[in-house]
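Here is a walk through one model, starting with a pair of helices and ending with how the chains touch. Have the sequence and the 3D view open while you read.

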Amino acid sequence: MGGAALGRYVVRRLLQTVPVVLGVVILNFLLLQLAPGDLATVLAGEAGGAPKEYIDQLRQRFGQDQPVLVQLFNYLRNLAVLDLGYSFRQSAPVLSLLLARLWPTLLLMGSTLLLSLSLGVGMGLLAALWVRTWKDHVISVAAVIFYATPLFWIGLMLILVFSIHFGWFPTSGMEDVVAFNEGMARVVDIAHHLVLPTITLSMFYLALYARLMRASMLEQRGLDYVTTARAKGIPERTIIVRHVFRNALLPVVTMAGIQFGSLLGGSVVVESVFAWPGLGQLAYQSLFARDFNLLLGIFFLSACLVVIVNLMVDLIYVLLDPRIRIG
Amino acid sequence: MSDPVLTIDGLTVSLPPWSDRKHAVSNLSLAIGKQEIVCVVGESGSGKSIMGKAILGLLPKPHVRATGGRIMLEGRDLLQLPDEDMRRLRGGRIAMIFQEPMTALNPLMKVGRQVEEVLEFHTDLKPSARRARVLQLMADVHLPDAERMVNSYPHQLSGGQRQRIVIAMALALEPALIIADEPTTALDVTTQAQILHLIRELQRAHGTSVLFITHDFGVVAEIADRVAVMRHGEVVEAGTADAVLRSPQADYTKALIAAVPGLRPRVKDAGTQMPLLVVRDLEKTYVSSGSFGRASRSVKAVDKVSLQLGRQASLALVGESGSGKSTLARCIIGLETPNAGEVLLDGERITGLSREQLRPHRRQMQMVFQDPFASLNPRHRVRDIVALPLRAQGRLDRAEMAKRVAEMLERVGLSAEQGGRLPSELSGGQRQRVAIARALVLRPRIVVCDEPTSALDVSVQAQILNLLAELRRELQLTYLFISHNLAVVEHVATEVAVMYLGRIVEQARTAELFRAPRHPYTKALLASVLTPEPGLGVPDVGLGDAMPDPANVPPGCRFHPRCPVAVAQCGSAAPAPSPRPSGTVECHLAA
Amino acid sequence: MKTFWQRFLLNPRVIVGLVWLASVVLVAVLADVLTPRDPFAIVGAPFARPGGALWLGTDSLGRDVLAGLVHGARTTLLIAVLSTLAAVAFGTLVGAVAGYYGGVVDDILMRTTEFFQTIPSFLFAIVLIAILSPSAMNLVIAISVVSWPPITRVVRAEVLSVKSREFVQAAVVAGQRDHAILVTQVLPNTLSPLIVTGSLLVATAILIESALSFLGLGAPNQMSWGFMIGAGRSFLRDAWWLVTIPGVAILLTVLSINLIGEGLNDALNPRLADL
């Protein structure tokens, strides 16, 4: 495949994301219509959040007396220039609030993806190699249990055991703010804070990927091309590593892409349990402040993140699977 | 036979306790001599494939095991060999060619690399030497453009090309024995002949012995030195190919050989000339819509086809997969809507009618589908399946309906008790009888038969073909018979139309077409037919092995890129149909 | 060859799952008989440890944890089952129409379904409830709105595969009418994957409901397991049982439903289970 073809493919996939993003914006607008009160009061944080002049200004801006479609158009126009509005509860533009909270969430997601994918794939692989032995059963039972456990409860149990009882890890936050750590010390401190939230958020996905990987390995091992490889006299270990593993990985990659949206949802819960200062916690706060402008901004940004991740997964897929036609 | 390469002595392979029988192979003995091709023939469930796997040590462990006997190769008993020694033997001294070239290769690895792997694990060759050997092997199996081919992925190759790759793999280390398990069954007829030709050629050039597993006596006649016929895990007859084919001893062998249609044209009653069904300039194009900058792809499956079907005639539409024969039939029966052209049933136009308007016409025209495992609703009882057309047409009361269904079941050879069963409780042949009963219960005048025997075992195929022939005479039916196999058609058709890439390229009375084919494609198809007559030798039909992409039909005569006799004119101008004694032919050279 | 029921009921995992789930359902149905008092009523001193007069102790306000657990089972199960039924009904309708009629209808419906699958579903549920205000009804709405796409995809895929099967074409050729074909030929053959997906969806619904209740978005004035954990989390240091007990209840219930769902799958598709 040429670089130019890949470039065209990226552009085409980017274009395909436009309707999704547009859809989220329209959905946001419809939700605002559902909320009690008019658009301006809702956006300004319902009753009393904003000065009267601002609400009037908003009314004017969206043309409150205009037909709904005109209001929608105005809403779209604002979003097109990334004007996500102003949060009076937090006294800051929504966009800057979001950007400030973005990286802690990305850090948590990244470490979770890394942990759940590597451990999940590894456990699934081992379970498949040890299929129908006691080791396989231990892994499978553990996966079934993790798969059924609510995230927030795992978080609380981990705090109970490892923070309160053993005192190994901090109970909340992203860093020790009074210590004023810098450089390497700060990195270590953040990593220390990151351990429990990452484990909490990883459990479910780890179980999911392990189960999927196991099933996928077993399915691939029964396929004709594996018999061909055996008939060629290739050692079993090489067949697993070189032939089966890569084929078995494909559905896991697909699943990781599909699950990214749910990972973001999970982070709302986990961040609120560990007071992790990310988008999820911001969403939790805006929820109770009835700060809809901020909440919808978070929803919009999350949807954009999902779209970007899906695009990345598709690109990874092109590298992994030659059957995908990008031309 | 002197000095066998492989000797199987009293081999027994046991099945797990929950299977319907105890042994897949019981007390089987067989020997394969040097440079010999031995065909093991049997239907599904005969144990022939299990035997192949047992030789290679690839039985699905732990449930299926060899529990008795010996398999001797070059002085060693393979059943006693440690796993590691067995692995070294596989690919080295014994190699295998599989049935499904579509799935036999790893989809994520370049094919050259997959061939190279054999050398990697069995030789000390340096990478550069390995690559040179791979290129040599590509040339040996007649793959064009080897440099490009080695860097292709399996999905970029045609079925025939993939099978050549698998053969290259098997040949890589000049094994003493190659086991070929139905290597041509999944291929188109013209490709099948070429692959058989290749196996024979390579076997002679390299002095390899071949154990060839097949269900088809046509294949046996082409390729075998000796034959062993298997049934229920045992050898029922063995001998030289000549002896078994010319004077089979076991009844089962006789039945199998009789089931393969030969190519001796017989006189048939031709239908009267009053056409019952007229198809005029029918066109069907499939467009897969492109989204966001992807070009839409349009495939002309049927391209301005006209044909007539006389009363009580039987017209066979013959072609390889992708020829458009099934699409044409589906347009005629109203399962697809043609883009242009018309279909007249007894003088009345039925194209352009809505499904609802078409319903009354269904009584005139019914269909028997290809796969009786798929064409019967698994949740309905046989009796209800046969009654469905009556119920849908809704003109009979309950008692009358039950009577008609019972009569019909009896007529196709099913008992009343079988009428109360579910399809899953019937065999393939019985299911196809149910499907025939369903098609005939409305007493239609035309029956479209879409490859009605291709999903069945050979010995059952003949019974179903005979039943269809009987019913046609008795009920004065008109058949439109679709097949990829000219040999099958010879038994049931009064006329044959050969399709290629959406056009009927030649049409004539059956006897005439078989005796004097005019179109080079018809000639190639006839030459590809394998007959159970020994000593004819493998024909080389001289076609490139892949049909062109139907989305890019070649200009001029659509057959010219594959045609062995094409001239300059063929690439520029499309031939018009020209008459022949009982039909037409579309070829510049035959006109 | 064993029958479906033999394969299903002789599976030890299924038996474990059925026993637990049946007990939870029984407790939920008999909640008012087992613990007649209002679960919000104060019955003793706060933070009474489990194992005393009140089996599972009391919470920070002196409410009976056992009563909460029993009534919580009712709320959680009811909301999960209702939202699953709504999601299955809607998803089946959309999937069947999209799969059977195809073409433009299919395109529009499936683009929409994909859209709902792309957006982060739990966040969407939060936004929905925040805007609609928390109530049992709105919980059911929010959970079903984020749960139907998988059902649609399963049903559509099945309908597409069944529709192209020859027995459906045979029904067309026989002259059966469209809606009759959809109802008598196609849908009955899509039932098994639908049952499996639907049963697993109940487990997901319980997880969503308890997470929403945990965040304080549950039905007000209805005791639920997630709510109990949310209320107990501030006292984790001193009263571990307030969080642990309802959490175990959620875990076991979700687990039992998953075991039953997988047992159904194995029993309905025996080829994998038998080898």
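## A helix pair in chain B

α13(B) and α14(B) are oblique to each other, because oblique is what remains once angles under 35 degrees are called roughly parallel, those over 145 roughly antiparallel and those from 65 to 115 roughly perpendicular. This is a predicted model, where local features need pLDDT of at least 70, side-chain atom pairs count only at pLDDT 80 or more, and totals for chains, interfaces and linings use all residues. Residues are numbered from 1 along each chain as its sequence is written, while chains are lettered from A and ligands numbered from 1 in the order in which they are written.

Back to the pair: helix α13 (residues 382–393) of chain B packs against helix α14 (residues 398–411) of chain B at an angle of about 120°, and their axes are 10 Å apart. Axes here are lines fitted to C-alpha atoms, for helices over the stretch in contact, and angles run from 0 to 180 degrees between N-to-C directions. Helices (H or I, at least four residues) and strands (E, at least two) are DSSP runs, numbered from the N terminus. The crossing of α13(B) and α14(B) is right-handed (the near helix is turned clockwise from the far one by less than a right angle; anticlockwise would be left-handed).

Who meets whom? On the α13(B) side you'll find B:Arg383, B:Val386, B:Ala387 and B:Leu390, and they meet B:Met401, B:Arg404, B:Val405, B:Met408 and B:Leu409 of α14(B). Contact means that the C-beta atoms, placed from the backbone, lie within 7 Å. By class, the residues of this contact are seven nonpolar, no polar and two charged (Ala, Val, Leu, Ile, Met, Phe, Trp, Tyr, Cys and Pro are nonpolar, Asp, Glu, Lys and Arg charged, and the others, Gly among them, polar).

## A sheet and an alanine

Chain B also has an open sheet of six strands, ordered β6-β7-β8-β3-β9-β10, with mixed pairing. Strands pair if DSSP finds at least two bridges between them. The edges are β6 (94–97) and β10 (234–240) of chain B, each pairing on one side only. Neighbouring strands of the sheet are turned by 15° against each other on average, direction ignored. β6(B) runs parallel to β7 (residues 177–181) of chain B over four bridges, and B:Ala95 has B:Ile178 in β7(B) as its bridge partner.

Is B:Ala205 buried or exposed? B:Ala205 counts as exposed because it has 10 C-beta neighbours inside 10 Å (20 or more is buried, 12 or fewer exposed, in between partly exposed, with C-beta atoms placed from the backbone). B:Ala205 sits in helix α7 (residues 189–206) of chain B, and its C-alpha atom is 9.9 Å from that of B:Asp140, 65 residues apart along the chain.

## Chain A and its partners

Chain A has 13 helices and two strands, and its C-alpha trace spans about 80 × 55 × 40 Å along its principal axes. Of its 327 residues, 42% count as buried.

| Contact | Residues from chain A | Residues from partner |
|---|---|---|
| Chain A with chain B | 20 residues | 27 residues |
| Chain A with chain C | 38 residues | 30 residues |

On the side of chain A that touches chain C, α13(A) gives the most, with nine residues. That side has 29 nonpolar, nine polar and no charged residues.

Note on methods. Two residues are in contact if their C-beta atoms, placed from the backbone, lie within 7 Å.
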